[in-house]
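Student: Before we start, can we go through how the labels for this structure get decided? I'd like to see each value set against its cut-off.

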Amino acid sequence: MRSCTLKTTIHFEGNALSRLSTIEYKKVFIIADPFTVSSGLINQVTKHLDTAGAKYTVYSDVVPDPSVEKVALGVAALLREMSPCVIAVGGGSAIDLTKCVRQYANKLHPDYKPYFIAVPTTSGTGSEVTAFAVITDTEQNIKHALIDDFLLPNEAILDVEMVKSVPASITADTGMDVMAHALEAYVSTEADYFSDMYAEKATSLCKHYLVRSYKYPQTHENKAREKMHVASCLAGIAFNAVSLGLCHSIAHQLGAQFHIPHGRANAIVLPNVIAFNAEITEKTIVLENPSSCVSKYANMSRRIGLIGYDDIACVKSLNYFIRSMQIEMGMPVCVRDAIPDVSFEEYLSRLDDMAEAALLDRCTKTNPRVPTKAEVIEIFKEIW
Ligand SMILES: NC(=O)c1ccc[n+]([C@@H]2O[C@H](COP(=O)([O-])OP(=O)(O)OC[C@H]3O[C@@H](n4cnc5c(N)ncnc54)[C@H](O)[C@@H]3O)[C@@H](O)[C@H]2O)c1
Ligand SMILES: [Zn+2]
């Protein structure tokens with residue numbers, strides 16, 4: 001038997017944030033990305049809490065890729081307030097910090113289970129609907145993925161007003177994270193009807209709207225940003241159900257060791273992992289025993305409107321398309337362009353540790369092809 005559970009209530013389109021004006025809690029603890037505070041964006045949230053008559057505290061000690069230390073500080077701040085409702089406002093970093101803070105506050109006070117609402121301000125991680133949180137051990141340069149149903153928000157609010165200010169480069173990074181989530185969930189060893197459906201729709205929305213969303217600062221095309229906000233959430237639902245794969249395991253290492261933004265790292269690795277999983281190189285014309293992921297990648301390629309005369313050509317089209325999106329959005333397509341200050345020798349010296357950590361990463365378990373350490377090292381070398 002298999003099961004599919006969706007816990008989070010999702011509010012989207014229209015004036016989705018107005019949901020907060022009917023909130024029943026009178027004391028709220030907000031954990032917000034500092035940009036939302038300095039720019040005044042947080043007022044889009046607090047004005048509705050004012051209407052609801054709720055008092056709130058805004059805590060904004062949030063940094064990209066939250067660390068264990070930041071979680072400890074957040075737990076102390078939340079326990080001082082003991083608010084019955086917690087709202088995360090920000091990208092994956094603010095939402096993940098909130099998840100960890102709430103989780104550890106609960107571990108210290110088992111009766112304390114604050115209601116949890118996530119308001120994403122980037123369109124990428126899907127963290128607003130996942131039972132995952134990524135936390136960084138800054139001493140050992142390792143990213144740990146926590147998985148627990150308690151991390152799942154009760155509600156997620158997708159309001160385009162919160163993502164209009166995202167700069168083009170962050171739109172590119174976070175949007176490619178959506179592609180990576182959808183494509184990795186689609187070929188996960190756990191993939192099922194439900195996850196496939198969410199992954200297909202998310203990938204199709206990325207195909208049509210990611211580059212348009214990137215161009216938003218010139219075009220002000222709200223529709224593109226709104227669609228990508230939904231795509232991010234759909235991909236989050238897909239990978240929350242069936243997990244991810246080797247692309248994320250490798251990207252986690254690039255993030256922890258070299259601070260390459262999460263989505264940018266995934267974008268660099270994704271075509272190489274697709275090629276590895278499908279066992280298809282530029283020169284491949286025939287496969288003796290194609291793995292089942294070949295037909296899945298090919299199917300996704302056709303569904304989003306790419307062409308190829310057979311499955312192998314369709315997989316190649318998918319990879320060319322991913323690279324062309326990166327180029328159109330001015331993204332680095334290899335590691336050396338993403339970290340120009342790091343030498344190849346320095347990179348090589350960390351490969352062994354990074355490959356071992358990538359193999360141990362929980363995402364590797366559901367990759368459609370089981371990699372060896374030598375194969376992971378080879379991928380790290382290819383992407384340099
Ligand atoms: N929990 C999950 O399911 C999950 C999934 C994937 C990734 N992650 C984690 O999420 C983190 C990355 O999250 P992210 O990609 O959303 O980036 P982020 O939250 O780190 O934010 C990136 C930058 O964008 C800025 N920003 C955020 N919203 C903005 C807005 N509306 N306007 C202007 N600037 C804005 C932030 O201040 C920050 O400088 C990583 O730590 C990654 O490991 C978590
Ligand atoms: Zn991701």
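**Labels and the values behind them**

Tutor: Sure. Keep in mind that this is a predicted model. The shell around ligand 1 has ten nonpolar, 15 polar and four charged residues.

Student: How many residues is that in total, and which are the closest to ligand 1?

Tutor: There are 29 residues around ligand 1, and the closest are Gly91, Gly92, Ser93, Thr122 and Val134.

Student: What makes Gly91 and Gly92 polar, and Val134 nonpolar?

Tutor: The class list decides that: Gly is put among the polar residues, whereas Val counts as nonpolar.

Student: Which helices and strands supply at least two residues of that shell?

Tutor: Helix H4 (92–108), strand S6 (132–137), helix H5 (168–187) and helix H10 (262–278) each do. H4 gives the largest share, four residues.

Student: Why is ligand 1 said to lie between the domains?

Tutor: Domain 1 (9–165) and domain 2 (169–383) both give residues to its shell, so ligand 1 lies between them.

Student: How far apart are the C-alpha centres of the two domains?

Tutor: The centres of domain 1 and domain 2 are 27 Å apart. Their contact takes 25 residues from domain 1 and 28 residues from domain 2. On the domain 1 side, the elements giving two or more residues are strand S1 (9–12), strand S7 (142–147) and strand S8 (155–158). S7 has the largest share there, with four residues. By class, that side of domain 1 divides into eleven nonpolar, ten polar and four charged residues.

Student: On to helix pairs. Why are H3 and H4 called oblique?

Tutor: Their axes cross at roughly 60 degrees. Roughly parallel needs an angle under 35 degrees, and roughly perpendicular runs from 65 to 115. The crossing angle fits neither, so H3 and H4 are oblique to each other.

Student: What is the handedness of that crossing, and which residues meet?

Tutor: H3 passes H4 in a right-handed crossing. Lys70, Val71, Gly74, Val75, Leu78 and Leu79 of H3 meet Leu97, Cys100, Val101, Tyr104, Ala105 and Leu108 of H4. That contact has ten nonpolar residues, one polar and one charged.

Student: How do you know that H10 and H12 are roughly antiparallel?

Tutor: The axes of H10 and helix H12 (residues 311–328) cross at roughly 170 degrees, coming within 9 Å. The label applies to angles over 145, so H10 and H12 count as roughly antiparallel.

Student: Which residues of H10 and H12 meet?

Tutor: From H10 we have Ala267, Leu270, Pro271, Ile274, Ala275 and Ala278, and they meet Val315, Leu318, Asn319, Ile322, Arg323 and Gln326 in H12. By class, the H10 and H12 contact splits into nine nonpolar, two polar and one charged.

Student: H5 and helix H11 (residues 292–303) cross at roughly 140 degrees. What makes that pair oblique?

Tutor: Roughly antiparallel takes an angle over 145, and roughly perpendicular ends at 115. With roughly 140 degrees falling outside both ranges, H5 is therefore oblique to H11.

Student: Is the crossing of H5 and H11 left-handed or right-handed, and what residues make the contact?

Tutor: The H5 and H11 crossing is right-handed. Leu183, Tyr186 and Val187 of H5 make the contact with Cys293, Lys296, Tyr297 and Met300 of H11. Six residues in this contact of H5 with H11 are nonpolar, none is polar and one is charged.

Student: Which one is the charged residue there?

Tutor: Lys296 of H11, because Lys is listed as charged.

Technical notes: Residues are numbered from 1 along each chain as its sequence is written. Chains are lettered from A and ligands numbered from 1 in the order in which they are written. This is a predicted model: local features need pLDDT of at least 70, side-chain atom pairs count only at pLDDT 80 or more; totals for chains, interfaces and linings use all residues. A residue is near a molecule or strand if its C-beta atom, placed from the backbone, lies within 6 Å of it. Domain bounds come from an automatic or database domain assignment. Axes are lines fitted to C-alpha atoms, for helices over the stretch in contact, and angles run from 0 to 180 degrees between N-to-C directions. A crossing is left-handed if the near helix is turned anticlockwise from the far one by less than a right angle, and right-handed if clockwise. Two residues are in contact if their C-beta atoms, placed from the backbone, lie within 7 Å.
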